[in-house]
Amino acid sequence: YPPLSGSSEIQVLAAPLLVRMPDYSREYGQENPQFELEFSGFVLQEDCSVLLAVPEVNCGADRLSLPGEYPIEIRGGEAANYELIFENGLLTVEKILLTVHVPSQSKQYGDPDPVLESVCQSGLLEGDRLSGAPGRVAGEMPGEYEFTAGTLSLPPYYELVLTGGVFRILPRQLTIKADDVYPLYGESIPPFTYTIVEGTLLPGDSISGELECWYNKRDRDFPINIGSLNAGENYQINFVPGIFHFRKRALTITALDCSKEYLSPDNYSRSWQITAGSLVENDYLAVKLGREPGDEIGQYALILASLTVIPAELYEITFVPGTFSIVRASPGVGICTYHLLYYGDQLAKSNLTAEMRNPNNSMIIPGEAQWLEPERLMDAVGRIPCEFMFTPADQEHFAPTVYSIDVQVLPLQV
């Protein structure tokens with residue numbers, strides 16, 4: 001086929017031109033930002049200079065519009081060879097973030113809440129004010145609780161942000177002092193007691209457990225410790241130890257008056273007794289007496305030579321001296337001789353002689369023996385008891401003594 005030639009008309013449509021408004025945001029109280037249109041769809045390397053009329057932008061929000069979303073509308077505008085297509089945007093008015101700092105605060109368990117303090121950071125608009133007070137999460141047991149906005153109040157275009165610490169409920173403080181105990185050594189130990197010297201128990205609460213003290217037989221202070229004393233997890237006990245100390249036990253030891261005969265051995269070793277107080281069971285006491293020196297007739301003080309008591313530091317010993325007497329000795333019977341008597345004779349006729357000896361060393365004691373009834377008639381036959389007195393020559397050391405012997409009386413021969 002041969003080529004053909006001719007002419008025809010082509011319908012050229014306007015190119016679509018997208019006019020778009022991006023989204024914007026600002027805080028309440030600020031002026032609207034400068035809205036900038038975005039164009040998309042120019043051809044043939046054309047730009048906004050081909051616009052016959054620039055589209056207008058309209059937003060109903062002003063500086064005092066409440067937080068929310070406001071449309072940014074595009075209106076009007078004209079461009080040769082282009083069909084304008086509008087895509088509106090949004091202006092978001094945001095709340096003003098206002099930071100309120102609430103410092104950490106506390107109270108003791110059982111106490112009323114304090115007025116919570118807060119510090120408002122900068123950011124309030126002129127004429128606006130923060131009213132009310134922060135609050136906290138409910139609860140009364142010891143622990144940590146977050147702060148809440150409580151009654152804090154702001155205009156609706158603010159958003160409240162709390163910063164800071166926490167509210168602590170601390171265990172209730174109790175200062176307890178163990179009562180001092182000073183029992184008399186050897187007496188029963190009373191129960192350990194205590195006194196609350198600072199702080200109080202809440203109604204319905206109580207203290208359980210017992211104090212403890214480890215002591216022994218010593219003259220010293222022993223601490224009374226907290227032991228198992230407990231007021232529960234809602235309380236913190238500050239404990240002040242007490243003192244346990246034995247009072248010394250009084251003991252009076254008295255030397256008992258005693259005596260011995262001249263030249264006999266001393267016999268006072270057991271001449272003492274406890275005259276006041278008493279020895280505690282299982283304790284030990286040993287007393288050794290002594291006396292003033294001397295062996296002549298007379299009186300000598302009984303003194304304390306040594307004393308051992310265990311435990312010594314828990315006794316207060318008082319010693320009362322006694323008197324030790326050395327008295328004249330009574331001569332012991334030695335050998336007595338006399339002449340036989342007959343019925344009807346006088347006792348003096350017997351011609352009595354006696355050899356008396358010291359009973360402690362058997363030495364002969366010189367002296368004279370005489371019948372107490374020398375004129376007595378023998379009125380019976382047989383062994384007749386008769387008394388005589390021996391008078392020592394040394395009467396300073398030996399005492400005259402009366403003795404009785406049986407005298408043999410024979411029948412009278414006629």
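Which residues does R249 touch, not counting residues up to four places away in sequence? In this predicted model, the set comprises L184, Y185, G186, E187, S278, V280, L314, Y315 and E316. R249 itself belongs to strand 23, which spans residues 249–255. Its relative accessibility is 10%, and R249 therefore counts as buried, the limit being under 20%. One of the residues it touches, E187, also takes part in a polar contact, in which the side chains of R249 and E187 are 3.1 Å apart. Two further members of this set, Y185 and Y315, recur in an aromatic cluster formed by Y185, F192, Y215, F244, F246 and Y315.

The overall form of the chain is described next. The protein chain contains 36 strands and 0 helices. Its radius of gyration is 64 Å, whereas a compact globule of 414 residues would have a value near 22 Å. Along the principal axes, the C-alpha atoms fill a box of roughly 230 × 65 × 35 Å. Buried residues account for 30% of the 414 residues. Of the contacts between residues at least 6 apart in sequence, 59% join residues at least 24 apart.

The largest nonpolar core consists of 61 residues, and W371 and F388 have the most contacts inside it. Beyond its neighbours within four places in sequence, W371 is in contact with L347, A348, S350, L352, C386, E387, F388, I405 and V407. The two residues with the most contacts inside this core, W371 and F388, are thus also in contact with each other. Another core lies apart from this one; it has 22 residues, including Y28, L37, C59 and A61.

Aromatic and charged side chains were examined further. The whole structure holds 17 aromatic pairs. One of these is formed by F39 and F42, with a centre-to-centre distance of 6.0 Å and an angle of 40° between the planes, a tilted arrangement. F39 has a relative accessibility of 24% and counts as partly exposed, and F42, at 23%, is likewise partly exposed. Arginine side chains are also placed over tyrosine rings. The charged end of R136 sits over the ring of Y145 at 5.2 Å from its centre, and R291 lies over the face of Y300, also at 5.2 Å from the ring centre.

Several backbone features were examined as well. Most residues other than glycine have a negative phi, and most peptide bonds are trans. Against this background, the peptide bond that joins I310 and P311 is cis, with omega at about 5°. P311 is placed in the loop between strand 27 (298–310) and strand 28 (315–320).

Positive phi values occur at Q45, where phi is near 60°, and at S362, where phi is about 65°; neither Q45 nor S362 is a glycine. Q45 is located in the loop between strand 3 (38–40) and strand 4 (51–53). With a relative accessible area of 84%, Q45 is exposed. S362 is found in the loop between strand 32 (353–357) and strand 33 (364–365), and its relative accessible area of 46% makes S362 partly exposed.

Note on methods
Residues numbered from 1 in each chain as written. Predicted model: local features only at pLDDT ≥ 70, side-chain atom pairs only at ≥ 80, totals over all residues. Heavy atoms only, no water. Core = buried A, V, L, I, M, F, W, Y, C linked by side-chain atoms within 4.5 Å. Buried < 20%, exposed > 50% of the residue type's maximum accessible area, 1.4 Å probe, protein only. Contact = heavy atoms within 4.5 Å. Helix = DSSP H or I, 4+ residues; strand = E, 2+ residues; numbered from the N terminus. Polar contact = N/O pair within 3.5 Å; in protein donor to acceptor, adjacent residues only side chain to side chain. Phe/Tyr/Trp six-rings, centres within 6.5 Å; stacked < 30°, edge-to-face > 60°. Lys NZ or Arg CZ within 6 Å of the ring centre and 35° of its normal. Rg over C-alpha atoms; globule rule 2.2 N^0.38 Å.
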